[in-house]
Amino acid sequence: MIEIKELTKRFGKKNVVDKVSLEIQPRAITSIIGPNGAGKSTLLSMVSRLLDADTGEVLLDQRTVKKWKSEEFAKRVSILKQSNYTNVRITVRDLISFGRYPYSKGRLTEEDKKHVEQAIDYMNLHDLQDQFIDELSGGQRQRAFIAMVIAQDTDYVLLDEPLNNLDMKHSVQIMKILRKLVDELGKTVVIVLHDINFASVYSDRIIALKNGKLVKNGPTKEIINSESLREIYDMHIPVQEQNGCRICVYFNSHA
Amino acid sequence: MRSNQTKIIFLAVLAIICMLLYGFYDIKGGFDYAFPRRVIKIAAMVVTGIAISYSTVVFQTITHNRILTPSVMGMDSMYEVVQTLIYFFAGSMSIWVVNRYLNFGAAIIAMVLFALILYRFLFRTNKYPIYLLLLIGMILGTLLGSFVTFLQVLIDPVEYLSLQTRLFASFTNVKAELLYIAMGILLIAFIYGFQIMSKLDVMSLGRENAINLGINYDRMVMNILILSSVLIATSTALVGPITFLGLIVANLSYQYLATHKHSTLILGASLISVIALVGGQFLAEHIFELRTTISVIINFVGGIYFIYLLLKESRSAG
């Protein structure tokens, strides 16, 4: 169970994340949405110990993240950030094998190999597994990194805008895989998303941030409506129902 | 990887051929006199080569670049500063020069301190672009270089001649006792370095991925920078500055071996170093008949390679 208490981060004089408190519901996809500069990525970075909070704390199983040994934490929570440029000569399969590092410190056991194989299956990377990652397209590389996180096999999977650089087909593919991780393997996924329709269709819960403050936190259906969205984005966003999915039609909306 | 194994064996064979050639070629005078001295020189070159390769490769991994090396960042200039200051204030007959151990120790400590202060500023955050860092390193090198020149013109000319021999890399007058100390330092560094090989592999994926995989990143960076400075300082204090060697061997190793595994990369770079140093020394002694020194040859080749890397990098960045 991840709890966030009064978490604050300042950059200069601005509170990028401002006293945010919430709990992450287990075995669900939680999407973090909000306008640019709302503090979504910063919040995720603090939860995953990439960034130290100025005040407040993050608790994993009632224990503050700072007290966790980094390698133990890596077996429970994984994080993938947006920019994954790398100039290292490494094949897709070797990259995915790094996901097992917290368990085996570089020496793969049979168990580890099974997880790597499974991650390749999940992300459908068989054809690419022997290619070097610097030869891949942005989207392919993104999939390889997600596969690494899947191989890491943590209860919590945190992803910072994983759909960046991806076309519709691969975006949908990845969201479906995340759904499978939750529904079949009982993982907890927290994901920063820009496209609210992906958030609406695939997530169980939504957290909305604005200017560093938590403005909404609840089940998806309570948040995807014009009223709440106006509060978050300051614009009128009509919501239409389509085959049971709520779609936000914001393309020629007037503020 | 089978092909990399073959490549490493090829490099090892080449290195051994260079060593044998250097050790046995055209021995004049008594074998018993010449051979042990050559062995000491070879040992010095192997120690230096490994130390420079190791420190450069790990430095480049944690700074995520392939152009900066500890030497380029001003370590070599710092060595010149230390030696010049000693000659300037204490003189060539002082204990700081005559006592080899003291001189060796002072040079190492000063360089490591300099490196740590500099790195704390530069690499604490990832926000400086590599060209800015390179520029800072170059300017710092020039600044220290000018400072050294200023002191050198004030020194007594005879003292200066004696100082000058210190400022060029040379394997000819390596003292065996210092070599043993350097080997000891290398051994300690390797015992630590061996445990962190796989961590280095993970760290090459970048800070965020490394932390995600449970690496205590910021502390590891500091540890590795210390390790890298100790090694480069040891090699520089032992034989003098060979600025571009690290850059050449590290990049040749990345290019030739095309892997992310540091155990392979470092081994490859070390073997290439040994080939370059022993082979280069052989050329300097027997082909150029000591009319030029090995550091001149290596810096000439290395300088050209450095420009090539800069051009390549700027093309791929643009």
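**Two chains, a sheet and a helix**

In this predicted model, 19 residues of chain A are in contact with 16 residues of chain B (contact is when C-beta atoms, placed from the backbone, lie within 7 Å). On the chain B side, helix 9 (197–203) and helix 10 (207–212) each supply at least two of the touching residues; helices here are DSSP runs of H or I with at least four residues, strands are runs of E with at least two, and both are numbered from the N terminus. That side of chain B breaks down into six nonpolar, eight polar and two charged residues (Ala, Val, Leu, Ile, Met, Phe, Trp, Tyr, Cys and Pro count as nonpolar, Asp, Glu, Lys and Arg as charged, and the others, Gly among them, as polar).

A word on conventions: residues are numbered from 1 along each chain as its sequence is written, while chains are lettered from A and ligands numbered from 1 in the order in which they are written. As the model is a predicted one, local features need pLDDT of at least 70 and side-chain atom pairs count only at pLDDT 80 or more, whereas totals for chains, interfaces and linings use all residues.

Chain A holds an open sheet of four strands, in the order 2-1-4-5, with antiparallel pairing (two strands pair if DSSP finds at least two bridges between them). Strand 2 (14–24) and strand 5 (63–64) sit at the edges, each pairing on one side only. Further in, strand 1 (residues 2–11) and strand 4 (residues 55–60) of chain A are joined by five bridges, and A:Glu3 has A:Leu59 of strand 4 as its bridge partner. Helix 1 (residues 40–47) of chain A packs on this sheet, touching strands 1, 2 and 4. Its direction makes about 120° with that of strand 1 (axes are lines fitted to C-alpha atoms, for helices over the stretch in contact, and angles between N-to-C directions run from 0 to 180 degrees).

Then there is helix 7 (residues 168–183) of chain A. Its buried residues are A:Ile174, A:Met175, A:Leu178 and A:Val182 (buried means 20 or more other C-beta atoms within 10 Å of a residue's own, exposed 12 or fewer, partly exposed in between). Seen down the helix axis, these fall within an arc of 95°, so they line one face; the arc is that of the directions from the axis to the C-beta atoms. Their cover includes strand 3 (29–33), helix 6 (138–152), strand 8 (188–192) and helix 8 (196–202) of chain A. Turned away from the buried side are the exposed A:Lys169, A:Lys176, A:Lys180 and A:Asp183. A:Lys180 counts as exposed because 12 other C-beta atoms lie within 10 Å.
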